[in-house]
Amino acid sequence: MADVKYKRVLLKLSGEALAGSKGYGIDPETVNNIAQEIKEVYELGVEIAVVIGGGNLWRGEAGASLGMERAQADYVGMLGTVMNSLAMQDALESLDVPTRVQTSIEMRQVAEPYVRRKAVRHLEKGRVVIFGAGTGSPYFSTDTTAALRAAEINAEAILMAKNGVDGVYNDDPRKNPNAVMFETLTHKDIIEQGLKVMDSTASTLSMDNDISLVIFNMNTMGNIKRVILGENIGTTVEGK
């Protein structure tokens with residue numbers, strides 16, 4: 001294994017990241033580019049799990065705001081994450097990266113049901129594991145899924161790949177040109193200052209299980225590998 005900072009990570013991708021410039025749906029070229037970046041990290045010998053959001057296809061909160069029953073709207077969103085997971089699996093396997101999709105809602109014709117010990121075994125055998133369908137329960141975000149699965153598989157860090165945002169700022173950099181980016185924070189800072197990194201449930205899970213977060217810009221090619229090699233990019237959250 002190369003000299004890497006993290007040996008087992010969970011990569012959290014937003015669904016929007018898969019849409020590319022289209023802003024909606026799944027853009028095959030963009031998915032292939034992300035898969036190529038994951039492959040570069042895989043070739044370093046790093047064990048990689050992935051959670052992908054579904055915002056490029058559906059958002060449960062948006063559906064609920066239009067009158068749909070919230071739990072039902074969230075289940076639709078979970079199915080969207082499975083679609084993204086299968087697209088990413090196909091892209092990775094086309095690059096000769098062995099990949100398994102595990103889902104919290106059983107759909108055995110297309111993916112394995114989530115089993116923690118089996119997921120860990122896949123990682124140990126050098127397979128990328130993609131977790132789809134969120135936690136399997138409504139009202140929980142894919143950020144919470146990422147924190148939960150990272151704790152379950154004993155990941156050393158969650159890599160939060162943001163769409164066009166370089167890290168964590170004290171204000172919205174798209175609205176305030178004077179916003180300042182933090183290089184380091186603690187989990188307590190995130191919760192007490194109400195910084196928009198993950199939802200409160202995910203932040204608390206990460207803090208309680210002492211899982212580091214690295215928040216960085218997904219749109220800069222090679223950033224995933226830079227994080228793995230320990231380069232100082234984005235914002236690192238660690239310590240209570």
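Two strands pair if DSSP finds at least two bridges between them. That rule underlies the sheet described here. The model is predicted.

## The sheet

The sheet is open and has 9 strands. Their order is β4-β3-β5-β2-β1-β6-β10-β11-β9. The pairing is mixed. Strands β4 (112-113) and β9 (184-185) sit at the edges, and each of them pairs on one side only.

## Strand β1 and its neighbours

Start with β1, which covers residues 8-13. On one side, β1 pairs with β2 (residues 47-52) through 6 bridges, in the parallel sense. R8 has E47 of β2 as its bridge partner. L13 faces I52 in the same pairing with β2.

β1 is also joined to β6 (residues 157-162), again in parallel, by 5 bridges. Here K12 lies opposite M160 of β6. L13 lies opposite A161 of β6. L13 thus has I52 across from it in β2 and A161 across from it in β6.

The link from β1 to β2 includes a helix. β1, helix α1 (residues 28-42) and β2 together make a β-α-β unit, and this unit is right-handed.

## How well covered is the sheet?

How many of the 6 residues of β1 are buried? The count is 6 of the 6, so β1 is largely enclosed by the rest of the structure. The cover reaches both faces: R8, L10 and K12 are buried on one side, and V9, L11 and L13 are buried on the other.

β6 is mostly covered as well, with 5 of its 6 residues buried. From β6 the sheet carries on to β10 (residues 212-217), which pairs with β6 in the parallel sense over 6 bridges. K162 has N217 of β10 as its bridge partner.

## The recorded binding site

An unreviewed UniProt entry lists a "binding site". Its residues are G54, D74, T135, G136, S137, P138, Y139, F140, S141 and T142. From this list, the lining of the largest pocket includes G54, D74, T135, S137, Y139, F140, S141 and T142.

Two of the listed glycines show where the site sits in the fold. G54 is in the loop between β2 and α2 (60-65). Is G54 buried or exposed? Its relative accessibility is 9%, so G54 counts as buried, the cut-off being under 20%. Apart from neighbours within four places in sequence, G54 is in contact with G15, T81 and N84. G136 lies in another part of the chain, in the loop between β5 (128-132) and α5 (142-152). With neighbours within four places again set aside, G136 is in contact with Y75, M78, S104 and I105.

## One aromatic pair

The whole structure yields 1 aromatic pair. Y114 and F131 form this pair, and the arrangement is edge-to-face. Their centres are 5.5 Å apart, with 85 degrees between the planes. The pair links distant parts of the chain, 17 residues apart: Y114 is in the loop between β4 and α4 (116-124), and F131 is in strand β5.

Which relative accessibility does Y114 have? The value is 18%, so Y114 counts as buried. F131 has a relative accessible area of 2%, so F131 is buried too.

Definitions and conventions. Residues are numbered from 1 along each chain as its sequence is written. This is a predicted model: local features need pLDDT of at least 70, side-chain atom pairs count only at pLDDT 80 or more; totals for chains, interfaces and linings use all residues. Side-chain values use heavy atoms; hydrogens and water are left out. Buried means under 20% relative accessible area, exposed over 50%, partly exposed in between (1.4 Å probe, protein chains only). Helices (H or I, at least four residues) and strands (E, at least two) are DSSP runs, numbered from the N terminus. A crossover is right-handed if, with the strands pointing away from the viewer, the path from the first strand over the helix to the second runs clockwise. UniProt positions are given in the numbering used here, feature names are shortened, and annotations may be inferred rather than shown by experiment. On a 1 Å grid over the protein atoms alone, a cavity is a set of points where a 1.4 Å probe fits but cannot get out, and a pocket is an open set with protein on both sides within 12 Å along at least five of seven lines; lining residues have an atom within 4 Å of a point. Contact means heavy atoms within 4.5 Å. Rings of Phe, Tyr and Trp (its six-membered ring) pair if their centres lie within 6.5 Å; planes under 30 degrees apart count as stacked, over 60 as edge-to-face and the rest as tilted.
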